[in-house]
Amino acid sequence: MRFLVTGTAGFIGFHVARRLLRDGHSVVGFDGITPYYDVRLKRRRHATLNQMPGFAAVEAMLETPDALIEAVDGRNPDVVIHLAAQAGVRHSIEDPESYVSANLVGLLKVLELCRAVQPKHLVFSSTSSVYGMSPKSEFVETDVTDRPVSLYAATKKSGEVMAHSYAHLFGIPTTACRFFTVYGPSGRPDMSLFKFVRAILNDEPIDVFGEGKHERDFTYIDDLVEAIVRLVGCIPETGNPVVEADVTDSLSAVAPYREVNIAGGKTVGLMRYIELIEEILGRKARLNMLPMQPGDVVRTTASPALLKALTGYQPDTDIRTGLEKFIAWYLSEIHDASGRGVPA
Ligand SMILES: NC(=O)c1ccc[n+]([C@@H]2O[C@H](COP(=O)([O-])OP(=O)(O)OC[C@H]3O[C@@H](n4cnc5c(N)ncnc54)[C@H](O)[C@@H]3O)[C@@H](O)[C@H]2O)c1
């Protein structure tokens, strides 16, 4: 099949594109290589993909008029996987406009492309952050999600709503995937795992927000990719919900559109997470305990029931194995001989 994947120089887009290419598909990889974090890491990901048959990289911003339509170059994609976005909860307080630009205007351009080329399926990334401060022990896709506590979450929720309207108006089958804290090799330098490992190796203190009380439903990258690849084949049809005991389908009654949680299914406390990193590195962390940051949520735990009902799959990599793989990658690819972590 022919795929258009956006965000292929990013963490998740890189892994998704690589898997699709390994499976024999062709991929147009679209990314603006934004300077949100070290662009050398992004260029290195694209260089890896460029060595694989079937990959064509397009370096452009989503918001640039006609950039997406020119990227597909008259050969319509069968499936669009939209992963390019301005990510990060905390940065949305410092630079709100970049979120509106990438996550709202950029998404609109993707929706307009889909309106023009009518793919069999649009799969795109939303986030666990849309659940906000929900007190529920497990987040289900049909929970109310209109009380975001960060602009990042607000743009992602708005994106879901925009995509629903296009699914309804133009019959574009659409799945919004709510990702829960994704980690693994080639991960993002702004995320806690990357920062913790770098600081511990450099014997620098690590900032532990929320006094260490945070809990996260961590998802290992290969599990996330497996779930996305399987969801590509689960094309939503209006009025055809999954009917199974203990499963509530989020399928819209008026559009071929649904939201699906993708999560590891096991919530880990922040302090246990740090202990595991210490054990794997064989070094102690110096902790700088700090209060909750604005926009942060204390706990994220997903119900995996809908993903399992749709795909027969549930992420299963245990956190220690996933952390070991990340740290092995970090030590071989990032940590230089002088002890400073820099992308090569
Ligand atoms: N990593 C996680 O834990 C996580 C959790 C929830 C949701 N998500 C979502 O998953 C998606 C991918 O996240 P990621 O972790 O790979 O982030 P990332 O920052 O590594 O990748 C995003 C990519 O999009 C590109 N991009 C950003 N704005 C662009 C624009 N306007 N035009 C063109 N390209 C642009 C960037 O250059 C980058 O390479 C995002 O939508 C993010 O919000 C990620």
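Start by selecting Phe-139 and Phe-180: Phe-139 is buried, and Phe-180 is buried too. Keep in mind as you look around that this is a predicted model.

Now show the two rings as sticks. The ring centres of Phe-139 and Phe-180 are 6.4 Å apart and the planes meet at 40°, so this pair is tilted rather than stacked, a label that needs planes under 30 degrees apart. Next, colour the backbone on either side. Phe-139 sits in the loop between β5 (121-127) and α6 (151-170), while Phe-180 belongs to the loop between β6 (174-179) and β7 (182-183). With 41 residues separating them, the two rings link distant parts of the chain.

From there, move to helix α11 (residues 319-334) and pick out Phe-326 and Tyr-330. These two are four residues apart in that helix, which means about one helical turn lies between them. The rings of Phe-326 and Tyr-330 have centres 6.1 Å apart and planes at 40°, so here again you are looking at a tilted pair. Try a surface view next: Phe-326 has 2% relative accessibility and therefore counts as buried. Tyr-330 is buried as well, with a relative accessible area of 0%.

Ready for a group? Select Tyr-183, Phe-196, Phe-218, Tyr-220 and Tyr-273 together, and you have one aromatic cluster on screen. If you would like to keep hunting for rings, the structure holds 15 aromatic pairs.

For the last stop, select Tyr-37 and Lys-42. Turn the view until you look onto the ring: Lys-42 lies over the face of Tyr-37, 4.5 Å from the ring centre.

Notes:
Residues are numbered from 1 along each chain as its sequence is written. This is a predicted model: local features need pLDDT of at least 70, side-chain atom pairs count only at pLDDT 80 or more; totals for chains, interfaces and linings use all residues. Side-chain values use heavy atoms; hydrogens and water are left out. Rings of Phe, Tyr and Trp (its six-membered ring) pair if their centres lie within 6.5 Å; planes under 30 degrees apart count as stacked, over 60 as edge-to-face and the rest as tilted. Buried means under 20% relative accessible area, exposed over 50%, partly exposed in between (1.4 Å probe, protein chains only). A charge sits over a ring if NZ of Lys or CZ of Arg is within 6 Å of the ring centre and within 35 degrees of the ring normal.
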